[in-house]
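Trainee: I have a new model open on my screen and would like to talk it through. Could you help me read it?

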Amino acid sequence: MKETWNNLKKVYSFGKEYKKNMIVFTVSSFFAIIINVIYPIFTARQLTSLTTGLFEQLFWATLVVLLFDILGAIRMVVIRRNTQVFFRGVFQKIQMRVSQEILRITISDIDKHSSGVFIERLNHDCSELSHIFTLGVGQLTGILTNIGVLIAVFIINPVIFLYYFVASFIITCFYLRKVKILSKKEQTLRTANEKNIGLTGELVRGVRDIKMLNARDSFMKAINQSIMDVSTKIFESRNIEMNYTAFIECIRAVSEFLLVILLVYLIQIGMINVATAVVLFSYRTNIMSNLMQRIGELLNEVKMFDVSANRVFSLLDTTEFSKETFGTKHLGKVHGDFEFQDVCFSYDGKNQVLNHLSFKVPANHTVAFVGKSGAGKSTIFSLLCKMYPVTQGKILLDGVDINELDEDSIRNNITIISQNPYIFNMSIRDNLRLVKSDLSDSEMRRACKLACLDDFIETLPEGYDTVVGEGGVTLSGGQKQRLAIARAFVQRTEIILFDEATSALDNETQSKIEEAISNLQKDYTILIIAHRLSTIVNSDMIYFIENGQVLAKGTHQTLLKTCSAYNLLGTGGVYPLALAT
Ligand code: ADP
């Protein structure tokens with residue numbers, strides 16, 4: 001109960017702006033209670049007037065019923081309109097907040113979870129949270145209406161009240177049991193759903209590889225298992241719900257049958273007349289069916305709400321996912337020199353990827369990192385961008401520990417262009433505008449020209465307004481890389497990291513990009529991880545990385561003479577070093 005109350009308060013904090021709408025739909029809903037309690041009295045009066053021939057009384061009773069019906073219709077419109085405004089507002093605000101928080105989760109926690117975990121919470125759970133006030137008020141007014149009816153019955157006839165009370169108590173117990181079992185099932189269903197959404201997302205994103213690898217059957221097997229898991233859980237829940245509903249319906253039918261017998265008996269002994277019996281009988285649906293059903297449904301909704309609220313709020317705070325933390329120091333435009341001081345790092349806390357790594361990069365120098373795959377080169381870049389926190393040691397940017405810097409000082413000064421950049425499902429123009437919202441057409445063209453992309457864009461019927469599909473699916477690997485390079489040229493940060501950023505380019509484009517990079521060389525700090533020798537030979541310094549340590553350093557010529565492992569890379573086919581000299 002306390003948990004629900006706290007969750008409600010948290011959700012309400014998102015809907016404060018729509019307080020007026022909430023008051024309107026709450027008041028209108030409660031107004032319905034009065035109408036619903038006295039409505040049966042007038043319908044019963046209509047019936048008795050008709051049978052006894054009191055036509056004037058019939059006329060007035062019918063007029064009141066008509067008035068109630070019209071008021072009911074107006075009330076419905078007012079409630080729906082205001083609940084919609086409230087729901088939409090709260091939903092949008094919660095979703096926005098969840099999206100922001102997802103972007104703050106550390107990459108290591110993102111790596112550990114399937115995308116479904118976030119998608120399910122962003123959609124289903126946010127919707128469930130936004131609905132609680134509108135559904136809750138609806139159910140609560142229904143319950144209060146039915147309690148009002150129960151009180152009316154008590155005033156009219158305490159014997160029937162007692163009967164209704166006992167019958168509804170029995171039915172409520174079964175409803176409560178149903179809710180308890182179903183809410184447990186719901187928790188496991190949501191977890192299975194998250195997994196399923198993640199997997200189906202991968203099916204769509206990985207469709208090309210699945211086809212090429214001819215992995216259709218094994219992937220379908222995994223999908224089938226996941227779908228089966230979800231549908232089995234849904235099936236189990238529905239089964240429990242169906243069985244309980246059928247059972248409760250039987251109890252209700254028997255109760256109604258016994259009620260008729262009791263009413264006939266009370267008429268026979270002269271305790272009530274036929275008209276009163278009709279009124280008391282017409283309340284049966286409100287009490288034995290609606291009241292119990294509404295209590296059950298409200299409890300069910302509260303349970304579902306708590307499940308969703310805990311899942312969403314654990315994402316907003318730090319109970320389930322760790323969040324990126326930044327310092328408070330702000331650096332505007334940095335010079336661009338940085339240093340790794342005795343840095344150690346492990347992704348999983350067991351395997352050490354970087355081992356007491358130390359090196360210094362002066363501003364406006366170009367430095368290359370080479371070494372075998374898995375040596376830790378990309379990890380250096382990730383740590384420099386603060387994608388992961390270092391386990392031990394320090395990384396200094398312009399002499400300041402990056403842990404002390406605020407987010408803008410890091411993100412606005414360092415760009416990384418990776419081997420497999422993510423291109424968004426927007427136009428080329430909008431992909432570039434993501435990094436600079438006030439990007440002018442001339443700046444955009446210049447960046448694309450530098451990245452050797454302008455010729456290709458000119459051939460597209462819609463030019464810069466061409467939408468490139470999810471993940472840039474309509475572009476080739478090389479075009480994606482060039483768009484990512486153009487994005488970096490737009491951003492023009494002081495430090496630019498190229499992580500095998502030109503690996504998918506043909507020789508001609510590669511040399512053009514190298515030219516563009518060399519044009520940047522004296523004005524920017526550039527770090528390169530590259531497969532091809534031509535990209536790194538002109539670097540001011542080359543670090544040979546092995547097992548997360550600097551094995552050797554120097555210019556290309558020095559390393560050729562001093563480092564046999566550097567030469568061996570060439571014979572291993574990774575870098576054609578020996579041939580290139
Ligand atoms: P390189 O760039 O030199 O090829 P990486 O820095 O990418 O090497 O990887 C170094 C080691 O860290 C590898 O053993 C790799 O498996 C591991 N690794 C890389 N990224 C992750 C990650 N996100 N989670 C866990 N381990 C990782």
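Trainee: Happy to start small: is F345 buried or exposed?

Mentor: Good place to begin, and keep in mind that this is a predicted model, where local features need pLDDT of at least 70, side-chain atom pairs count only at pLDDT 80 or more, and totals for chains, interfaces and linings use all residues. Residues are numbered from 1 along each chain as its sequence is written, and side-chain values use heavy atoms, with hydrogens and water left out. Buried means under 20% relative accessible area, exposed over 50%, and partly exposed in between, using a 1.4 Å probe and protein chains only. F345 has 3% relative accessibility, so the residue counts as buried.

Trainee: Which residue forms an aromatic pair with F345?

Mentor: Rings of Phe, Tyr and Trp (its six-membered ring) pair if their centres lie within 6.5 Å; planes under 30 degrees apart count as stacked, over 60 as edge-to-face and the rest as tilted. Here the centres are 4.9 Å apart and the planes meet at 80°, an edge-to-face pair. The partner is partly exposed, at 40% relative accessibility. That partner is Y347.

Trainee: How many aromatic pairs does the structure hold?

Mentor: One group of ring pairs links F338, F340, F359, F369, F381 and Y543 into a cluster. For the structure, the count of aromatic pairs is 18.

Trainee: How are the rings of F118 and F321 arranged, and how far apart in sequence are the parts they tie together?

Mentor: Their centres are 5.4 Å apart with the planes at 45°, so this pair is tilted. Both residues are buried, F118 with a relative accessible area of 8% and F321 at 0%. Helices (H or I, at least four residues) and strands (E, at least two) are DSSP runs, numbered from the N terminus. F118 lies in helix α5 (residues 115-156) and F321 in the loop between α10 (284-316) and β1 (338-346), so the tilted pair ties together parts whose separation in sequence is 203 residues.

Trainee: Where is the kink in α5 centred?

Mentor: The expected span of a helix is 1.5 Å times one less than its number of residues. The 42 residues of α5 should span 62 Å, and the end C-alpha atoms are 59 Å apart, which agrees. A bend at a residue is the angle between axes fitted to the seven residues ending there and the seven starting there. In α5 the kink is about 40°, and its centre is I132.

Trainee: Which residues does I517 touch, not counting residues up to four places away in sequence?

Mentor: I517 is found in helix α17 (residues 507-520), and a relative accessible area of 3% makes this residue buried. Contact means heavy atoms within 4.5 Å. On that basis, I517 touches F498, I526 and I528.

Trainee: What separates the C-alpha atoms of D540 and A275?

Mentor: D540 lies in the loop between α18 (533-536) and β9 (541-546) and is partly exposed, with a relative accessible area of 28%. Beyond four places in sequence, its contacts are N364, H365, T366, K522 and T555. A275 is 265 residues away along the chain, and the C-alpha separation is 102 Å.

Trainee: Over which residues does pLDDT stay under 50?

Mentor: pLDDT is the predictor's confidence in each residue, from 0 to 100. The protein chain averages 84, and 97% of the residues score at least 70. The stretch under 50 has 22 contacts beyond four places in sequence in the model, and covers residues 571-581.
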